[in-house]
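Please walk me through this structure in plain prose. I have not looked at it before and would like to know what to look for, part by part.

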Amino acid sequence: MKNKLLTLLVLLLFNVNLSAFGKTTFWLGADISGTTELEAHGVQLYNAAGEPRENTQLMKELGMNAVRLRVWVNPKDGFSSKEDVLVMAKRAKALGMAIMIDFHYSDWWADPAKQNIPAAWKNYTYKQMKRALAKHTKETLQLLKRNGIDVKWVQVGNETTNGFLWPMGRAQENMRQYAGLTDAGYAAVKKVYPQATVIVHLDCASDAKRYDFIFDGLRKYKARFDMIGVSVYPYWDIDGKLETDWHGTIEHFADNLRRITKKYGVETMVVETGVEVKKPVEGKVILKEIINAAKNCTDGHCHGVFYWAPELEGQYPLGAFENHRPTVIMEAFTEAAEK
């Protein structure tokens, strides 16, 4: 008791904000990597009142305090290149938003169904591949650092449920090489941003088996990581017959986060989520449940929720905009930010 009183007296003496003492930020964010491409095609976004808004500013107004930005190695049109990421990172910095960088280690989309080696790395040996991955990681982060950008989190791979850089780093056949490539990425991140949190990200957070497979393998081969990132998509879980309704996804992803937090002793975060844009009222309810579950299921060891491409319309069922305006789905973030 005496020690606690002394601590409070010291804080008061030095005018420390007591409300912030010991408080951990819960991050609310979105992956808005496609923003510059939309702008290049003349798309204007608006707030719910119909007033024109730049996407990063709009996310901030909706209650978000972070953004997630993907990086491709040599994209043919330049979008999601390291230079394009810098453009978006500068906008986020100007608004005081935290930044997550998501390395796909591909020239295009990387996910559980495809993890294609960049064309320039096609014929590399395993040693050459590790060097190339590390070089690309460092060069991208150094560009951001030179421009005064602080990076809070870095994903080494995107939804690497089956590894990445196939077939060399395919986890089912080459777990040791997948682990070695992951660790090379970890080391590269820490050389540029020693304090950044390095994330390994898998899909389908409600399926415990895939998490045990990957993280048991990474631990076996001594690959380093700081946080486990998860995707939570009730729509895809139901479509893939992994769940019968969205309630099952919420229950099982929360159970799995509690389990992996204890098993691996690391923090977690929902780095991707989304709900069906054609059902916005139900979608808001589901998203609120996802945010609440993430906040409460691990006693503070899950650090946030990021929506994937809310502004994307027409080609994807899980956006959150209609007529280039946010639907009521996005109110789940606004209401969470106000608590």
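Cys297 is buried in this predicted model, and its relative accessible area is 7%. Cys302 counts as buried too, at 2% relative accessibility. Are these cysteines in a disulfide? What matters here is the distance between sulfur atoms. The cysteine sulfur closest to that of Cys297 belongs to Cys302 and lies 5.6 Å away, which is too far for a bond. A disulfide needs two cysteine sulfur atoms within 2.5 Å. Cys302 is likewise in no disulfide, the nearest cysteine sulfur being that of Cys297. The structure as a whole holds zero disulfides.Next come two helices, H9 and H10. Helix H9 covers residues 246–264, and helix H10 covers residues 280–296. H9 has 19 residues and reaches 27 Å from its first C-alpha to its last, close to the 27 Å expected at 1.5 Å a residue. H10, with 17 residues, reaches 24 Å between its first and last C-alpha, close to the 24 Å expected at that rise.

How do the axes of H9 and H10 cross? They come within 10 Å and cross at roughly 10 degrees. An angle under 35 degrees counts as roughly parallel, and H9 and H10 are therefore roughly parallel to each other. On the H9 side, the residues in contact are Trp246, Ile250 and Phe253. On the H10 side, they meet Glu282, Val285, Ile286, Glu289, Ile290, Ala293 and Ala294. By class, this contact of H9 with H10 has eight nonpolar, no polar and two charged residues. The spacing along a helix is relevant here. An α-helix has 3.6 residues a turn, so residues three or four places apart point the same way.

Both helices have buried residues. Those of H9 are Trp246, Gly248, Thr249, Ile250, Phe253, Ala254, Asn256, Leu257, Ile260, Thr261 and Tyr264. What covers them includes helix H7 (208–220), helix H8 and H10, along with strands E8 (227–232), E9 (267–273) and E10 (302–308). In H10, the buried residues include Gly283, Lys284, Ile286 and Leu287, and also Ile290, Ile291, Ala293 and Ala294.

Phe253, a residue of helix H9, can be followed in more detail. Phe253 is buried, with a relative accessible area of 0%. Leaving aside neighbours within four places in sequence, Phe253 is in contact with Ala205, Ser206, Val232 and Val270. Its contacts also include Ile290, Ala293 and Ala294. Phe253 and Glu338 are 85 residues apart along the chain, and their C-alpha atoms are separated by 25 Å.

Another buried residue is Leu28, in strand E1 (residues 27–31). The relative accessible area of Leu28 is 4%. Which residues is Leu28 in contact with, leaving aside its neighbours within four places in sequence? They are Gly63, Met64, Asn65, Ala66, Ile291, Val305, Phe333, Ala336 and Ala337. Leu28 and Leu287 are 259 residues apart in sequence, and 12 Å apart in space from C-alpha to C-alpha.

Leu38 lies in helix H2 (residues 35–40). Leu38 is partly exposed, at a relative accessible area of 21%. Not counting residues up to four places away in sequence, Leu38 touches Val43 and Glu311. Leu38 and Pro167 are 129 residues apart in sequence, with 33 Å between their C-alpha atoms.

Pro167 leads to the backbone. Most residues other than glycine have a negative phi, and most peptide bonds are trans. The bond that joins Trp166 and Pro167 is a cis peptide bond, with omega about 0 degrees. Pro167 is found in the loop between strand E6 (153–156) and helix H6 (171–192).

Two residues can be looked at for their phi angles. Lys241 is not a glycine, yet its phi is positive, at about 60 degrees. Lys241 lies in the loop between helix H8 (234–239) and H9, and it is exposed, with a relative accessible area of 74%. His324 is not a glycine either, and has a positive phi of about 65 degrees. The place of His324 is in the loop between strand E11 (321–322) and strand E12 (325–326). His324 counts as partly exposed, at 31% relative accessibility.

Key
Residues are numbered from 1 along each chain as its sequence is written. This is a predicted model: local features need pLDDT of at least 70, side-chain atom pairs count only at pLDDT 80 or more; totals for chains, interfaces and linings use all residues. Side-chain values use heavy atoms; hydrogens and water are left out. Axes are lines fitted to C-alpha atoms, for helices over the stretch in contact, and angles run from 0 to 180 degrees between N-to-C directions. Helices (H or I, at least four residues) and strands (E, at least two) are DSSP runs, numbered from the N terminus. Angles under 35 degrees count as roughly parallel, over 145 as roughly antiparallel, 65 to 115 as roughly perpendicular and the rest as oblique. Contact means heavy atoms within 4.5 Å. Ala, Val, Leu, Ile, Met, Phe, Trp, Tyr, Cys and Pro count as nonpolar, Asp, Glu, Lys and Arg as charged, and the others, Gly among them, as polar. Buried means under 20% relative accessible area, exposed over 50%, partly exposed in between (1.4 Å probe, protein chains only). The expected span of a helix is 1.5 Å times one less than its number of residues.
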